[in-house]
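Me: I'd like to go through this structure and ask what stands behind each label. Can you set the values against the definitions as we go?

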Amino acid sequence: MLARFLSFVLAVAALLVFGAAPAQAHGGATVTIHSDGRGSVWITAVWQDGHPINEPTQVTMTATGPSPATVAPSVLHQTGDERGTQTYSGTLDPPGAWRVSIDLGAPVAGHCQALIQVAQPTATPLPAEVACLIPATAPSAAAASTDPGGGSLAPLWLTLSALAVAALAGGVVWSRRRR
């Protein structure tokens with residue numbers, strides 16, 4: 001009975017310490033910038049294994065259009081759909097060529113850029129889709145960029161797990177000697 005319990009505790013500790021973070025479990029991501037050709041812009045984001053990125057992800061868009069038109073950094077809004085869609089609440093104006101840049105925060109941590117054409121009101125719009133592959137980031141790089149304290153909590157969990165197992169084993173030995 002005690003051996004089974006200790007095995008269970010060790011298995012749980014190993015999963016906590018060595019289990020993959022959610023983003024790393026999926027691998028990298030594919031982010032696609034979409035435009036309807038009339039100035040609306042949105043993205044869809046999926047992990048490389050095909051699952052949508054529905055985790056809260058800060059996505060910032062900037063755009064540079066026909067001089068002097070620019071879009072200041074704007075946060076996109078998640079729709080919560082099955083495709084991992086995030087939308088820009090405005091439209092690109094005036095018509096012409098626009099360079100759209102997307103920066104994604106954790107858990108994706110990447111950048112995507114596309115050249116989008118916005119049609120004149122009387123012209124036929126040309127919808128666009130530009131896909132970017134964002135590779136999976138190393139755990140240490142992700143931790144360094146998001147945690148100014150610097151680093152993983154794995155050593156802490158490993159130490160706490162080892163202490164818990166040692167205390168449990170010590171308690172068993174003590175109780176057997178007492179009898």
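**Labels and cut-offs**

Reply: Sure, starting with β2 and β6: three bridges join strand β2 (residues 41–47) to strand β6 (residues 85–87), and the two run antiparallel. Ile 43 stands opposite Gln 86 in β6. This is a predicted model, where local features need pLDDT of at least 70, side-chain atom pairs count only at pLDDT 80 or more, and totals for chains, interfaces and linings use all residues. Residues are numbered from 1 along each chain as its sequence is written, and side-chain values use heavy atoms, with hydrogens and water left out.

Me: What makes β2 and β6 a pair?

Reply: Two strands pair if DSSP finds at least two bridges between them; β2 and β6 have three, so they pair by that rule. The strands themselves are DSSP runs of E, at least two residues, while helices are runs of H or I, at least four residues, all numbered from the N terminus.

Me: Which sheet holds them, and what makes a strand an edge strand there?

Reply: An open sheet of five strands, in the order β5-β6-β2-β1-β9, with antiparallel pairing. β5 (77–78) and β9 (128–134) are its edge strands, as each pairs on one side only.

Me: What about the sheet of four strands?

Reply: That one is open too, with antiparallel pairing and the order β4-β3-β7-β8. Its edges are β4 (70–75) and β8. β3 and β4 share four bridges in the antiparallel sense, with Met 61 partnered by Ser 74 in β4. A hairpin of five residues links β3 to β4.

Me: How do you know that Cys 112 and Cys 132 form a disulfide?

Reply: The definition asks for a pair of cysteine sulfur atoms within 2.5 Å. Here the sulfur atoms are 2.0 Å apart, so the pair qualifies. The structure holds one disulfide.

Me: Why is it called right-handed, and what does it tie together?

Reply: The torsion about the S-S bond of Cys 112 and Cys 132 is about 70°, hence the right-handed label. Cys 112 lies in β8 (residues 110–118) and Cys 132 in β9, so the pair ties together parts that are 20 residues apart in sequence.

Me: Are these two cysteines buried or exposed?

Reply: Cys 112 has 1% relative accessibility and Cys 132 has 15%. Buried means under 20% relative accessible area, exposed over 50%, partly exposed in between (1.4 Å probe, protein chains only), so Cys 112 counts as buried and so does Cys 132.

Me: Which residues touch Ile 102, and what counts as touching?

Reply: Contact means heavy atoms within 4.5 Å. Leaving out residues up to four places away in sequence, Ile 102 touches several residues, including Ile 33, Ile 43, Met 61, Leu 76 and Cys 112.

Me: How confident is the predictor?

Reply: pLDDT is its confidence in each residue, from 0 to 100. The protein averages 81, and 74% of the residues score at least 70. Among the elements, β3 has the highest mean (97) and helix α3 (residues 139–146) the lowest (36). Over residues 138–151 pLDDT stays under 50, and the model has six contacts beyond four places in sequence for that stretch.
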